[in-house]
Amino acid sequence: MAKIIAPSVLSCDFANVQRDVEMINGSNADWFHVDVMDGVFVPNISFGFPVVKAIKKHAKKPLDVHVMIVNPDQYVEEFKNAGADILTVHYEACPHLHRTIQLIKSHGMKAGVALNPHTPVDALQDVITDLELVLIMSVNPGFGGQKFITNAISKVKAARDLISSTGSNALIEVDGGVNLETGAELIAAGADALVAGSFVFKSNDPKQTIADLKAL
Ligand code: DX5
Ligand code: ZN
């Protein structure tokens, strides 16, 4: 059974954010996955603080905020103020990652680090015990609806090994191209949390789709 399901609001109907947030409130989902993109770190712009705050206003579950932005340190406090409970930054965007992680924690948020498909899990060896979350990207970040990169499955196993060997409490979350098939493989490989955007919101019955993911 999947421990944590985090629907990505990137795929919601932004003209009906409240309605879609209420749908997630009333579902088996555990977190809201909130994707912030700056058009620099990734080739797309999603939304900023006003939208995060609007989601927070109605959300009855934690906000799992995934920031795909350069220089995230300068916005950590603002993400806290906007309602982030977990703040995940990209390894590739943080030259002083240890400092960034401590900064996130100093603001009372859980700290996560995301790895692009080309970044090996080993890169986290020296910070893994400081982390609450490792986010394995199973697509190149920037867009919903992309094809799952199967190498993510061996990265989940590598992350599980790193976490076990170091005694870290970090959860393993996977993001991109998750559906019932890839989700089952990821859970079997040791994932704790699954993000799903288009698979949930493009389905005929999003609540049931969330329940199906939860039952994996
Ligand atoms: C991609 C985002 C994802 C995205 C996933 O850059 O980080 O969270 O919403 O979308 P799907 O589930 O459609 O691949
Ligand atoms: Zn994401």
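In what follows, helices and strands are DSSP runs numbered from the N terminus, a helix having at least four residues and a strand at least two. With these names in hand, the place of tyrosine 75 is easily given: this residue sits in the loop between β3 and α3. The model is a predicted one, and the loop makes a pleasant starting point for a walk through it.

Tyrosine 75 has a relative accessible area of 30% and is therefore partly exposed, since that class lies between the 20% limit for buried and the 50% limit for exposed. Apart from residues up to four places away in sequence, tyrosine 75 touches Phe49 and Ile69. Its C-alpha atom is separated by 20 Å from that of phenylalanine 32, a residue 43 positions away along the chain. Asparagine 71 also belongs to the loop between β3 and α3. At 43% relative accessibility, asparagine 71 counts as partly exposed. Its backbone deserves a glance: most residues other than glycine have a negative phi, yet asparagine 71, which is not a glycine, has a positive phi of about 50 degrees.

Phe49, touched by tyrosine 75, leads on to helix α2. This helix spans residues 49-58, and its buried residues are Phe49, Val52, Ile55 and His58. The cover over these residues includes helices α1 (17-25) and α3 (76-82), together with strands β2 (32-37) and β3 (63-68).

The metal site comes next. The zinc ion (ligand 2) is coordinated by NE2 of His33, ND1 of His66 and the OD atoms of Asp35 and Asp175, at 2.0 to 2.3 Å. Along the sequence, these donor residues follow the spacing H-x1-D-x30-H-x108-D. The 6 donor atoms around the zinc ion (ligand 2) subtend angles of 70 to 170 degrees, so the arrangement is octahedral. Two of the coordinating residues can be placed by their accessibility. Histidine 33 counts as buried because its relative accessibility is 0%, and aspartate 35, with a relative accessible area of 4%, is buried as well.

Several zinc-coordinating residues reappear around ligand 1. Of the 20 residues around this ligand, Asp35, Gly142, Asp175, Gly197 and Ser198 come nearest. Oxygen atoms of ligand 1 also pair with polar side-chain atoms of the protein: the distance is 3.4 Å for histidine 33, 3.2 Å for histidine 66 and 2.7 Å for aspartate 175. On its own, ligand 1 has 380 Å² of accessible area, and the protein covers 99% of this area.

His66 also provides a link to strand β4 (residues 86-90), where threonine 88 lies. Threonine 88 has a relative accessible area of 0% and is therefore buried. Leaving aside neighbours within four places in sequence, the contacts of threonine 88 are with Asp64, Val65, His66 and Val67, with Gly112, Val113 and Ala114, and with Leu133 and Leu135.

A second threonine completes the picture. Threonine 119 is found in the loop between β5 (110-115) and β6 (133-137). With a relative accessible area of 4%, threonine 119 is buried despite its place in a loop. Beyond neighbours within four places in sequence, threonine 119 is in contact with Tyr91, Glu92 and Lys155. With one of these residues, glutamate 92, the side chain of threonine 119 forms a polar contact of 2.5 Å.

How values were computed:
Residues numbered from 1 in each chain as written. Chains lettered and ligands numbered in written order. Predicted model: local features only at pLDDT ≥ 70, side-chain atom pairs only at ≥ 80, totals over all residues. Heavy atoms only, no water. Donors = N, O, S within 2.8 Å, 3.2 Å for Na, K, Ca; no water. Tetrahedral: all angles 85-135°; square planar, octahedral: opposite > 155°, others 65-115°. Buried < 20%, exposed > 50% of the residue type's maximum accessible area, 1.4 Å probe, protein only. Contact = heavy atoms within 4.5 Å. Near = heavy atom within 4 Å. Polar contact = N/O pair within 3.5 Å; in protein donor to acceptor, adjacent residues only side chain to side chain. Areas by Shrake-Rupley, 256 points an atom, 1.4 Å probe, with all protein chains shown as cover.
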